[in-house]
Structure formats: C-alpha cells, structure tokens
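Below are some comments on the model, set out as numbered points. They go from the chain as a whole to single residues and then to the interior.

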Amino acid sequence: MSILRAIATAASLAVATHAPALSQSLIRDTEIEHVMRGYLDPILEAADLNPSDVDFYLVADPEINAFVTGGQNIFMHTGMIVEAGTPNQLKGVLAHETGHITGAHLARSGDAMASAQVPMFVSLGLGVLAAMAGEGGAAGALMASSQQFGALQYLTYSRAQEAGADQAALRILERAGESPNGLVTFFERFRYQEVMSQQRRFAYFRSHPLSSDRIANLRSGIAESPYSGDTDSPEEIATLRRMQAKIYGFLVAPEFVFYRYPESDTSLPARYARAVAYYHDARLNRALEEMQSLLDEEPDNPYFHELHGQMLFESGRVEASIAPHRRSVELEPTAPLLRINLAIAMIATENPAYREEAAQHLRVALDMEPDNAFAWYQLSILHERNGDTALAELAVAEQAYAMGDRLRAHQFAARARQGLDQGTPAWIRATEIQAVSQPSEEELRRMRRQRRDRTN
C-alpha cells in the first residue's frame, strides 16, 4: 500500500485541554487519497474554500473518528472509512467537518493550535503501516511511510457549533449536488452512542455528541434538498468496497482478514485484501497468485502494479520490483508517491545506471510535494554517490527544514552554501534556508556544546 510521508520526530498537536492525549500514526496511500480527495474537493469548492489550502490526513486507527485541527487540516481515521456503508456517508462527514472550518469553530473555541506544524516524514507509499522510519535496510526505508505525532487531542464541540456545522453541511452538500442522506444515516446507525457513557463512546461521538433533536433537525433539512432521493452508483459503491478491503488487508491481522474475506469470496475486494494478508503472513507465492489475478482483471490499474512492486521489493527482489513500479508511474504520472517508490527501488540496486532516472523521479515528486522529507533524503543519497557533496548537504537541509528541525536545517544549509557557486539557484536556496532557520541563542549554545563534545 502506498502510504507515505515522514522520517523524523513527532509533532505535538495540542488541540484541546480536556481530552486525553493519544499517539497516532499518519499514513499515506495514493489510491485512498485519490478517492478521498475526489469526495472532499467538490465539497470544499461548494464551501468557497480552495482545495489546495485544505490538507487531508489519514490516521491508521480502527476507531471511528474524524476531526479538524490547526486551521484547515482534516483528519480521518481509517476506521471511519472501513465502517462507512456508502460513499455518501463519508461525504456527509466531510461536509460536516468542512462546516467546522467555515464556521471557524476551532478559532472560536480558543483551543486551536496557534502555530503547530506537523513535520511529515515522507513515506514511500509502499506500506500502510510504514512504521520503521529511520531503520536501516531497504525494506525499513520503504516502510518509512508513517508519521507519528504525539499528544493528539480531540476537540469537543459545543452543541451550538455542532448544529451550525450540521446546517452548513446541508448547504454545502446541496451546492455540491450531493444527497444529504448519508450524514443522517451515518448518525442514525450509531444513535445508540447517545445513551452510552462518555468513556465507552467512539471518539467521534465524544467530540461530536449526538442527540435526538440534532438528528430530527437534520431530517427536516434533508426533506428540503433537491438531491435527497439520489443514491450512490454501483461503481461508487464498488470503489469504496475496494478501498475498505485494502485498508483492512494492511491494518488487520491476517487471520481476521481471511475470516472476513474467505477463499470462497472471489470478488475483487476480497482478493485485494487477501493478497496483502498473504504477504503479511509470509506466504509470498499465494500473495503473488492473488496479485496476478488482480492484474489479469485490471492490467492498467496503477495501484495493483504498485502493490506488486512493493511485494517484490520487500521480499528482496529489488531489480524485479522496478518494472511494476515503473508501470505504476506510467499509468499515473502525477502521483508523487509512485515516483518515490520507483526511485527508491532504483537506488536500492546500487546500479549507477539508474541514478539519473531516479533523481529525475525524485525531482518531479518534489515539485509536487516540496515538503516531502523522505524524498529529499533519498535525493541527498544520490547527490553523495555522484560526488556532489554540497548538493547532498543542501538536500539534507531541505529534509530538515521540511521536518521542522531548524537547527539541523541551518547547519547543513551553511555547509552547502560554502561549497556551492555563488549566485546559482542552489546557492540562493541554501542562503534562504540558512536565513529562515537561524537558530536562537539557546540553540546556538546547544550547537557549541555539541561541537565541544565531539572534539573531547
């Protein structure tokens, strides 16, 4: 699975002072992001928001939850996606969270982060769990697709804010030409949460409390929508089921995957989930058999080629993994994570013949995602192997800057600047990073102590 984005320390997101802190894993996957942005972007446009200004993050957690933090950042747990009955239910939740953004509820609560950043590791998009960031070895590097962020706390909205977000969601869905039924059917499905203790409720219903009046008000609003009778198409339902199977295959133990998707189920989502589960169960041949059946059915599916490449790469067949990764890029050239997958496979071969092509894929990916720290790190490796030490140092400075490590960014930008020709674009960029990451007096003292410790 392509899930990506980070290689560094965790970010502390202090969002609310009255909820328990949780440590979660952010994951990335090109296929899931593509589907979810397809749901979200029309909703944002209908709310008069620029989709490029709103970031969407996936949280690897089976808990049902979605929330907004730090301004225009929407987080959704994988549990929310897996438990959704229809795409329209997810769209309803996204419209509701968008209503919190347009209502400035975070700012009004006084609990929002003023300047918190989420240093994102870049994943390779090769593994949903991607937990071993920084660990040696190619497989460890490819699994570096998750980011940890600590102290994540959930914002509890007031009843007035919930009602406002509900009404905003109804308006937004109507402007987007979407049925509002999904929002209500989702709430009604979990209506029993209303009578449960706070501790036993799903996280979403702790931060978004349900009430009979709230559901009744939504019901009356739905009756006025010209799209209330619309339903999701079979194709849309099939896409959701495929996405749910992929998440389940990656994030749930294989024995449970095989129980939910037995061999007797020959549907595409079932084979997708089993392919991943067999791979996680160290049954590579069975995994590749399921994978081949998927490729036979959809030979032009970039995500199937991506998963095929991942299986080969992580099982030590690095050279063989290049062809499926290359095919995934050919089929979806605008996906930065797919290009990073291909570049990493090329770098792992240590074949000099692949260096320039790998660097080109990383540059294209960084044009699309300039804060992708893992891609910057991989580019630094290529520069170092080519003997371009100053460019390698600049790439490390970019990596550190993307991760919010100002001190390291300043150090490497200064070193790069000394080795670069004055006035060149690289020298100018090193100068910019050095200037904006200028360390404080305390950081300078720490730097001097570290220098003394190294010399002693």
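What share of the contacts in the chain with a separation of 6 or more is accounted for by residues 24 or more positions apart?

1. Overall character. The model is a predicted one, and the answer to the opening question is that 68% of the contacts with a separation of 6 or more involve residues 24 or more positions apart. The chain contains 22 helices and 6 strands, and 55% of its 456 residues count as buried.

2. The pair of helix 3 and helix 10. Helix 3, which covers residues 87–102, packs with helix 10, which covers residues 234–251, and the two axes are 9 Å apart at an angle of about 75°. Because angles of 65 to 115 degrees are counted as roughly perpendicular, that angle makes helix 3 roughly perpendicular to helix 10. On the side of helix 3 the contact is formed by Pro87, Leu90 and Lys91, which meet Glu236, Ile237 and Leu240 of helix 10. Sorted by residue class, this contact has 4 nonpolar residues, 2 charged ones and no polar ones.

3. Asn88. This residue also lies in helix 3, and I would ask of its environment: is Asn88 buried or exposed? Its relative accessibility is 8%, so Asn88 counts as buried, the cut-off for that class being under 20%. Apart from residues up to four places away in sequence, Asn88 touches Glu178, Ser179, Pro180, Asn181, Gly182, Leu183 and Asp232. For one of these partners, Gly182, the separation is 94 residues in sequence, whereas the C-alpha atoms of Asn88 and Gly182 are 4.8 Å apart in space.

4. Tyr303. A second buried residue that deserves a comment is Tyr303, which has a relative accessibility of 9% and is placed in helix 14, residues 302–314. Which residues does Tyr303 touch, not counting those up to four places away in sequence? The contacts are with Thr30, Glu31, His34, Lys246, Tyr272 and Glu332. Tyr303 and Glu332 are 29 residues apart along the sequence, and their C-alpha atoms are 9.0 Å apart in space.

5. Val436. This residue belongs to helix 21, residues 425–436, and it is exposed, with a relative accessible area of 53%. Once its neighbours within four places in sequence are left aside, Val436 is in contact with Tyr401 and Arg406. The C-alpha atoms of Val436 and Tyr401 are separated by 9.4 Å, and the two residues are 35 positions apart along the chain.

6. Backbone at Ala282 and Glu350. Ala282 is not a glycine, yet it has a positive phi of about 60°, and a positive phi of about 60° is likewise found at Glu350, which is not a glycine either. Ala282 is in the loop that joins helix 12 (268–280) to helix 13 (284–297), while Glu350 is in the loop between helix 16 and helix 17 (355–368). As to accessibility, Ala282 is exposed with a relative accessible area of 70%, and Glu350 also counts as exposed, at 59%.

7. The cavity. How many cavities of 30 Å³ or more does the count come to? The count is 1, and the volume of the largest cavity is about 30 Å³. Its lining is made up of Met346, Ile347, Glu350, Asn351, Tyr354, Arg355, Leu382 and Arg385, and the elements that contribute two or more residues to it are helix 16 (336–349) and helix 18 (373–385). By class, the lining consists of 4 nonpolar residues, 1 polar residue and 3 charged residues. Glu350 therefore appears twice in this note, as a residue that lines the cavity and as one that counts as exposed by its relative accessibility of 59%.

Note on methods: Residues are numbered from 1 along each chain as its sequence is written. This is a predicted model: local features need pLDDT of at least 70, side-chain atom pairs count only at pLDDT 80 or more; totals for chains, interfaces and linings use all residues. Side-chain values use heavy atoms; hydrogens and water are left out. On a 1 Å grid over the protein atoms alone, a cavity is a set of points where a 1.4 Å probe fits but cannot get out, and a pocket is an open set with protein on both sides within 12 Å along at least five of seven lines; lining residues have an atom within 4 Å of a point. Grid points are joined across faces, edges and corners, and a volume is the space filled by probe spheres set on the points. Helices (H or I, at least four residues) and strands (E, at least two) are DSSP runs, numbered from the N terminus. Ala, Val, Leu, Ile, Met, Phe, Trp, Tyr, Cys and Pro count as nonpolar, Asp, Glu, Lys and Arg as charged, and the others, Gly among them, as polar. Axes are lines fitted to C-alpha atoms, for helices over the stretch in contact, and angles run from 0 to 180 degrees between N-to-C directions. Angles under 35 degrees count as roughly parallel, over 145 as roughly antiparallel, 65 to 115 as roughly perpendicular and the rest as oblique. Contact means heavy atoms within 4.5 Å. Buried means under 20% relative accessible area, exposed over 50%, partly exposed in between (1.4 Å probe, protein chains only).
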